[in-house]
Amino acid sequence: MGMKEKLHQLKLKYQGKKMAPAFNALHTFLYTPNETTHSGSHVRAADDLKRTMNTVIMALVPCLLFGMFNAGYQHYSAINGFPESFDLFEHFLTWDNFLVGITTILPLVIVSYGVGLAIEFLFAVIKGHEVEEGYLVTGMLVPLIVPVDTPLWMLTIAVAFGVVIGKEVFGGTGMNILNPALTIRAFLFFAYPTWMSGDKVWVHEAVERAGTADAISGETILGSLAQGSDYSYSLADMFYGFIPGSVGETSTLLIILGGLFLVFSKIASWRIMVSSVVGALVMGLIFNGIVDAGWLPEYSKFYALMSFPYWQHLLVGGLAFGIVFMATDPVTGAQTNKGKWYYGFFIGFLSVMIRVFNPGYPEGVFLAILLMNVFAPTIDHYVVRGNIRKRLKRFKTATIYPKTSDEVDSLKTETA
């Protein structure tokens with residue numbers, strides 16, 4: 001008897017018991033359910049919630065692996081200096097870099113999944129419903145949007161807060177109004193701001209070495225601009241991701257590839273992605289125009305960020321990652337096609353605005369997405385109302401042609 005048959009027998013044995021939802025979740029996670037329907041009409045499709053979540057995780061895995069190598073690369077480069085002639089295999093894709101990354105990032109992944117799924121299982125048992133797969137993506141997103149040395153106890157508290165307050169109190173998967181991963185990120189930012197910003201948290205061991213003879217720094221490009229300082233990274237570094245930042249959001253190239261994969265697999269909305277990019281570019285152009293017109297003096301604390309080339313905003317910080325993997329959340333985003341254009345545009349527009357006018361933490365994508373999560377239902381409401389008005393207007397001006405002779409006689413009698 002194979003393991004699948006043994007699990008099926010145990011499933012039947014504990015059917016109807018208190019712990020049945022937790023056991024069923026483990027069973028269906030490992031194997032395809034052997035239950036079939038016997039009546040009614042059915043729609044046959046290869047996609048379900050679990051496959052959808054797994055598809056998104058597949059798009060995130062390259063960012064995770066790159067982040068592991070980049071964690072080691074930034075660590076050793078901060079200690080020994082950046083190589084003058086960069087070689088991908090000699091300086092980046094090395095076992096030393098990967099060892100630093102996997103020992104620092106893998107615990108973040110384990111804690112994220114362990115705490116989050118434990119809470120999901122607990123609520124499923126208490127409420128008596130099946131465990132849903134919605135947290136599979138959230139559990140992967142959380143380690144990718146935090147600094148590499150985030151304390152595990154801090155992450156534990158944040159994940160517990162985000163899953164309970166940001167998701168379960170609304171009814172669980174499909175009912176939440178805020179993106180759970182961004183709720184966790186927002187909690188970390190407001191509860192522990194010194195661990196989420198500054199020039200020490202983005203490079204491994206920079207916090208530990210602070211104040212010693214071996215101190216190192218790892219200021220991000222946005223952090224340098226907010227301080228009015230110069231940065232030494234090239235456009236290639238920004239695009240490929242050889243820069244400090246949160247674990248998974250530095251490589252614009254891999255984020256674009258992941259976004260294309262999600263669009264062609266019909267998991268994510270291309271309308272939200274395109275409109276978010278347009279919104280960010282428009283806001284960047286407005287700031288560049290203000291600087292070019294001479295309306296802002298060079299000594300202003302906003303000058304460096306406002307003069308930053310508008311299109312380069314997409315290459316630094318978490319803007320690209322947020323647009324592709326979190327703004328497109330089908331639960332918390334706009335549902336109507338027209339509403340997705342407005343929703344995405346304001347995410348990009350507000351992201352660049354917040355990062356410029358918030359020099360203490362020069363990043364705004366997670367705040368912009370959370371804000372638009374709140375307004376998404378309102379956007380859809382007015383889009384639907386607008387469509388209803390247009391249809392009523394067309395109906396009032398429509399000409400009704402009779403189909404039968406009886407209808408013709410009836411219309412003649414009415415108009416006589």
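**Entry 1. Lysine 266 and glutamate 205**

I looked up lysine 266 and found it exposed, with a relative accessible area of 76%. The model I am reading is a predicted one. Lysine 266 sits in the loop between helix H12 (252-264) and helix H13 (270-292). Its phi is near 60 degrees, a positive value in a residue other than glycine.

I then turned to glutamate 205, which also is not a glycine and has a positive phi of about 75 degrees. I located glutamate 205 in the loop between H8 and H9. Glutamate 205 has a relative accessibility of 22%, so I record it as partly exposed. Its side chain meets that of arginine 209 in a salt bridge, 3.4 Å from N to O.

**Entry 2. The other salt bridges**

I asked how many salt bridges there are by the rule applied. The count comes to three. In general, side chains of opposite charge can pair when their charged atoms come close.

For the pair of glutamate 120 and lysine 167, I noted 2.6 Å between the closest N and O atoms. Glutamate 120 belongs to helix H5 (residues 95-127) and lysine 167 to the loop between H7 and helix H8 (180-191), so this salt bridge ties together parts that are 47 residues apart in sequence. Are the two partners buried or exposed? I found glutamate 120 buried, and lysine 167 likewise.

Arginine 355 pairs with glutamate 363, with the closest N and O atoms 3.1 Å apart. I noted that arginine 355 and glutamate 363 are both buried.

**Entry 3. The chain as a whole**

I recorded 18 helices and zero strands for the protein chain. Of its 416 residues, 47% are buried. The chain exposes about 21600 Å², and carbon and sulfur atoms supply 64% of that area. Among contacts with a separation of 6 or more, 72% join residues 24 or more positions apart.

**Entry 4. The nonpolar core**

I examined the largest nonpolar core, which has 98 residues. Leu60, Leu188, Phe321, Phe325 and Tyr343 are the residues with the most contacts inside it. Helix H3 (residues 49-80) contributes the largest share of this core, 12 residues.

Which residues does leucine 60 touch, beyond those up to four places away in sequence? I listed Val137, Met140, Leu141, Leu144, Phe321 and Phe325. Two of these partners, Phe321 and Phe325, are buried residues of H15. Helix H15 (residues 319-326) is mostly covered, with eight of its eight residues buried.

**Entry 5. Tyrosine 76**

I placed tyrosine 76 in helix H3. At 32% relative accessibility, tyrosine 76 counts as partly exposed. Leaving aside neighbours within four places in sequence, I found tyrosine 76 in contact with Gly81, Asp96, Asn97 and Val100. Between tyrosine 76 and valine 100 the C-alpha to C-alpha distance is 9.5 Å, and the two are 24 residues apart in sequence.

**Entry 6. A nonpolar surface patch**

I noted a nonpolar surface patch of about 530 Å², made by Phe161, Ile165, Val169, Phe170, Met175 and Ile177. I took phenylalanine 161 from this patch and placed it in helix H7 (residues 152-166). Phenylalanine 161 has 30% relative accessibility and therefore counts as partly exposed.

**Entry 7. Threonine 220**

I consulted the UniProt record, an unreviewed entry, which lists Thr220 under "modified residue: FMN phosphoryl threonine". In the model, threonine 220 is in the loop between helix H9 (206-209) and helix H10 (221-226). Its relative accessible area is 13%, so I record threonine 220 as buried. Not counting residues up to four places away in sequence, threonine 220 touches Trp202, Pro244 and Gly245.

**Entry 8. Annotated transmembrane regions**

The unreviewed UniProt entry gives the annotation "transmembrane region" to residues 56-78, 98-123, 135-165, 239-263, 270-290, 310-328, 340-358 and 364-384. I checked two of these spans against the model. Residues 270-290 are 100% helix and 0% strand, with end C-alpha atoms 30 Å apart. Residues 239-263 are 56% helix and 0% strand, and their end C-alpha atoms lie 20 Å apart.

How values were computed. Residues numbered from 1 in each chain as written. Predicted model: local features only at pLDDT ≥ 70, side-chain atom pairs only at ≥ 80, totals over all residues. Heavy atoms only, no water. Patch = residues over 30% accessible without salt bridge, like charges linked within 9 Å, V, L, I, M, F, W, Y side chains within 5 Å. Areas by Shrake-Rupley, 256 points an atom, 1.4 Å probe, with all protein chains shown as cover. Salt bridge = Lys/Arg side-chain N within 4 Å of Asp/Glu carboxyl O. Helix = DSSP H or I, 4+ residues; strand = E, 2+ residues; numbered from the N terminus. Buried < 20%, exposed > 50% of the residue type's maximum accessible area, 1.4 Å probe, protein only. Core = buried A, V, L, I, M, F, W, Y, C linked by side-chain atoms within 4.5 Å. Contact = heavy atoms within 4.5 Å. UniProt positions renumbered as here; feature names shortened; annotations may be inferred.
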